[in-house]
Structures are given as structure tokens and as C-alpha cells.
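Open the model in your viewer and keep the sequence panel beside it. The tour goes from one selection to the next and says what is there.

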Amino acid sequence: MQLSDAMHLFNEGRNVQSYRLLGAHPDATGTVFRVWAPNAVAVAVVGDFNGWDGNADPMHSLGGGGVWEARVASARPGSLYRFEITCQNGGGRVRKSDPYARGFELRPGSAARVAGPSQHVWRDAVWMARRAAWDWLHAPVNIYELHAGSWMRHPDGSPYRWPELAERLIPYALQQGYTHLELLPITEHPLDESWGYQTTGYFAPTSRYGSPDELRAFIDACHQAGLGVLLDWVPGHFPQDDWALARYDGTALYEHADPRLGVHADWGTHIFNYGRHEVRSFLLSSAHWWLAEFHFDGLRVDAVASMLYLDYSRRPGEWLPNRFGGRENLEAIDFLRDLNTLVHGEFPGALTLAEESTAWPQVSRPAYTGGLGFSMKWNMGWMNDSLRYFRRDPVHRRWHHDELTFGQMYAYSENFVLPLSHDEVVHGKGSLFGKMPGDDWRRRAQLRLLLAWQACTPGKKLMFMGGEFGQVREWSEARELDWTLLADVGHAGIQRLSADLNHLYRDLPSLHEQDFEPAGFEWIDCHDSEHSVLAWLRVARDGRFVVVLANFTPAPCSDYRIGVPRAGIYQEILNSDSAHYGGSNLGNGGRLEAVEGAWMNRPASLVANLPPLAVVILQPV
């Protein structure tokens, strides 16, 4: 593409590969630098190649589009640099990082680093071809969400780099039965405590864990092993660091000038100006970059609700309505539709997942039908209701039965993911294990019950690291998970159950094929609040089914009769109370017989023993 054409598309908001236009581009004779700073009086490149001298390498304007350019012969891959911008109206000079930088120095430094072309040779062609053809709507999707810097660490406390994570994490995720990894943001960020959600490098993988090519090799290894990799991506806001995007050329360039539109008071961050063409090009190009250059299998888009509403977390008088007088951010809506159209159009099989916590309609419906276009939406209602219920002492649960059953009223209004995410195990919320009431035995049993409840409920799955083995302490980015807990038979049992549930979900069509369709689920009995028992069917597209029985109290239920679709032998294929998982080993001896005779509007019935605080899954033989 000609430079003039690339600039024209950039200024129109339609250049989705503007990383080829802007940033630092080394070649055999030096490096070409380009930056968008339309309100600057002058711009220069400063770096370790010119002694950080603002007079050494001035840039020249490429015309009315606001882009400045310079070729610096002494700048090479690995060189550190910034842009020195002279502001209008006596605003002085500011030194800024490159918004399109592909690398940065390690914190606490914040200078951009010239990145050479990738040397990685991809070996994931088979995976990419399969991804382009897969039917994800009817496939198992089970996501292991993790923070790369604290999953596992060296004895000295330093985080693993990408090659070490590949060696340890990939076999672990496969053994546990996950289909995808989801990385909390690994886009460059200055503050460890932000977990990557305050991004300053939208085209740069953080230098904490290795080089860009080491990240590519990690993703490549995941693909060759059969694991997808999703990126947690943050287009909703950016930090106020004075060396980064904020007031980039002395004016509100990437953000709004009016704080009623441009500031997130809760997070101390700026909101992108989605109505500005060049900002749309920037964000769409960032999404394109990660999917094209790193082969990520999709994006989990953070804080979508905060993008959709102009009055998000604001009191009256603190926000401005849209041109129709409403609270909807019309420019953000258009941007999200453009984003999803781009991803689904150019990267077949790639997923987009929305963290959206309101009742906004059609989040996961195509943009051409009026939806936002996401593949899936996090089901925050299911998560909140389930955790609220599980926190209750079992003696009180009979009064709150609807917290488990209400979700079926809206379960198929979107393509839902059922998340047990990082947000639920930080900021004083405690761990999943810590939310469970009672002594340690009951806590372990109820966490096993929660894992089984998630696995058997319609919707794709997401688990934040540590939940799969009952991490006791609240998660902290400053230390690794408490892997020593696995020396305890109870926590090892939770981990074994998690793996068995994941493999069962993956291998049984009845548990995943119709996650998004009402035909995949039927209540057998959702009314027994007195015993806090639920019974339901999960059904495959060909009619095969499993029976799920859940007892949410510590009192066993003996001789519990339920209706089933047909008579015959049923095998107990999973019992979360098994001694293998650290349970009391109550159950049904592996097999039950259903006899003909109407019961619960079913043509047959069986009598089962329901273990305490446990799920039993039955499959007809």
C-alpha cells in the first residue's frame, strides 16, 4: 500500500493495519519513525543513539494528516527511543513513548525499543486450518484464565518466562482438560499491580516474560499441543501516565477533552475518543496486530459495560448525553461492531468475548442484525447468583432456591460463558475456597459441588487459576499460586475432580453441543427447595442425554426418586463425593436401574442416593 493511501485510510478510521504506517520500522539503512501528533509545533526522535538530544533528529510533517516522519541511520533494533513533542501556545516540550511501539524496556523504565522483524517460523498451520473450520457454537470451550507472572515462579520469586511457561503450563492445562488459555493482559504496562489492565503499549508484549518471538513460540507450542490462546484486551480506557497516551501532543488526542466524557473516576484512567477516526484506526489495528502477528485465537474485551454507557459510574451532572439525549455511547457501539466485524471477517474461527455486566441486548448477536457482534458474553448474573447462593449456610438455602434456578429464564438470550474469574478472588473477596461456609471438609465438598454445578450448567466455561485445586489464600500478583496445597489429599482431590469434569465436558456431546440452545437442557425437578435438591437433563443434538442430580445440603438423601426419559440401566459416570476426590464415598455403586411407570411427567423413574454437598451424573447404558 502506498504511504499516501495508508495515511488516507488512517485519517478515515479505516486503516486496520496502521502499525505498518506508524511506529519504528528498521531496515538496512536505519530506522524510519512515524508518529501521529497533529497539534504539535515540532517533533523530534530522541534515543540512546543520539544521546537523547532533541536537536539531533528532527521529524518533518507529511502533510495535513498529522503524521511526522524521520529516518535515523544510527537507530537499530534494540535502540531505546521517545518522541520529543513541542506543544502549541507555549505548552513546552514533552517526551512521549511511541503509541505503536512493538517493545519497551523493562519497568521501571518506560522508553520504547526498536523491534526488528520476527524470526519465528510458525508451525501451527494444522491448528489454524482447523480453527477456521471449527463449529465453536457446538464445540466444548473451557478456558483456563491466568496471570502469566504469578501462575508459577522460581524459588527466588522471579516469574517464569515464556519458554518455561510452555514447558510447565501446556502439559498442565492439557492434563486438566482445558481447551483454551486466557492470558490476563500481556500488553505492556508499567505497574505490576494493574495486572495489565492499565495498558501503555497496545502493540508491545510486556518485556517481563521474554521477547516477542518467545511469546510467539509459546502460542505456537500451545497450538501444536491442541490448546487455543485468548488475549485479555483493554480498549475501554488507558492510564494517565504523562509519558504515554494522555494529552499526547499537548492536547486531548486519544481521549476526550471534557472530563465528563474522557475520565473514568473509578479507575483514574482516560476513556478513548471512539468518535475520532485515527483513534479507531489505532484500536482496530491493535486487535489486528495480536491476531495476525501472534496468532492469538481471540480477544476477551474488558469492561464493555463501561464503554457502552456515557453515565457509567457517574452521578447526574457528571456526564453528557449523546446527540439524541440518551445515555448510550453511540461511537463506542459503532467501534465494537467494527471490531467484531473485523475479527470474524479476517480471522475465521477467532473468538471475541465480552465482559459485559448489564442487560444490554444482543451482545453476542451479529452486528448486521443490530447486535454488538461478539461471539460470547460473560454471564455475570450466573456467577453472582451462584456465588451468593454458595456463600449461604446450607440450612438457609431452601429459602434461596431461585438463585440457582432463575438463570434458566435468560440462559439462551446470549451465547454465555460461565466465568469463575480473577475478579472474584481479589480486593478482599477471598478465594473460591474461602467463600464456602463451614469447616474445611464442608468447604472442600462445596467447592467440588460448585465446580460440578458449573460443568453441568449450559454455557461455555472459564476458571481462574487456583480455583481448580482450591487455592485458600486470595490471589496476589506478587506471588505464585500455593502449589504446596496439593500435598493435602483434599486439595489434590479437588484438582482431580476438576480435571475429570473438564474431560467429561469435553468428551460428552450432551454436556456441550447445545450450550446455547434451550433444547440442550431440561429440568426434571427444580422445585424441591425443602431438600435443596435439583435434577436436570443435558441433551446432545442426537438426543443422547445425561441425568444430573445435585444435593446442596450436607444431609444425604436416600431413596430419592426422580423421573427419567426411559427405563433401563444408568451408569454413575461421576460422583463428586467419591473418595477419589476426598469425599465421603456415598453413592450408588456405579449403576442404577430405571423402571417403567410415569413419574414427574416422565415415562420412567429411578431411585438414587444423593451424597451430601455433591453432584451425581448418570448416563443411560
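How many of the 7 residues of strand β29 (residues 614-620) are buried? Select them: 6 of the 7 are buried, so the strand is mostly covered, where buried means under 20% relative accessible area, exposed over 50% and partly exposed in between, with a 1.4 Å probe and protein chains only. Strands here are DSSP runs of E, at least two residues long, and helices are runs of H or I of at least four, both numbered from the N terminus.

This is a predicted model, in which local features need pLDDT of at least 70 and side-chain atom pairs count only at pLDDT 80 or more, while totals for chains, interfaces and linings use all residues. Residues are numbered from 1 along each chain as its sequence is written, and side-chain values use heavy atoms, with hydrogens and water left out.

**Neighbours of β29**

Add strand β24 (residues 545-551), which pairs with β29 in the antiparallel sense over 5 bridges; two strands pair if DSSP finds at least two bridges between them. Label Leu549 and find its bridge partner in β29, Val616. Next add strand β26 (residues 568-575), also antiparallel to β29 and joined to it by 5 bridges. Here Glu572 has Leu618 of β29 as its bridge partner.

**The barrel**

Now select β9, β10, β13, β17, β18, β19, β20 and β21: in that order, these 8 strands close into a barrel with parallel pairing. From one strand to the next the twist averages 25°.

Zoom in on strand β13 (residues 228-233) and strand β17 (residues 298-301), which are parallel and share 3 bridges. Leu231 stands opposite Leu299 of β17.

Step on to β18, which pairs with β17 in the parallel sense over 4 bridges. Arg300 has Leu353 of β18 as its bridge partner. On the other pairing, 2 bridges join β18 to strand β19 (residues 376-378), again parallel, and there Leu353 is partnered with Met376.

Which way do the side chains of β18 point? Show residues 351-354: Leu351 and Leu353 point one way, Thr352 and Ala354 the other way, and all are buried. In a regular strand the side chains alternate between the two faces of the sheet.

**Helix α12 and the cores**

Select helix α12 (residues 440-456), which lies across β20 (416-420) and β21 (460-464) and runs at about 150° to β21. Axes are lines fitted to C-alpha atoms, for helices over the stretch in contact (heavy atoms within 4.5 Å), and angles run from 0 to 180 degrees between N-to-C directions.

Show Phe33, Tyr144, Trp151, Phe218 and Tyr254, which touch the most other members of the largest nonpolar core, a set of 167 residues. Helix α12 gives the most to this core, with 9 residues. Another core, of 21 residues, lies apart from it and includes Ile524, Ala535, Leu592 and Ala608. A nonpolar core is a set of buried Ala, Val, Leu, Ile, Met, Phe, Trp, Tyr and Cys residues joined through side-chain atoms within 4.5 Å.

**The whole protein**

Finally, zoom out. The secondary structure comes to 13 helices and 29 strands. The C-alpha atoms fill a box of roughly 90 × 55 × 45 Å along the principal axes. Of the 621 residues, 60% are buried. Among contacts between residues at least 6 apart in sequence, 71% join residues at least 24 apart.
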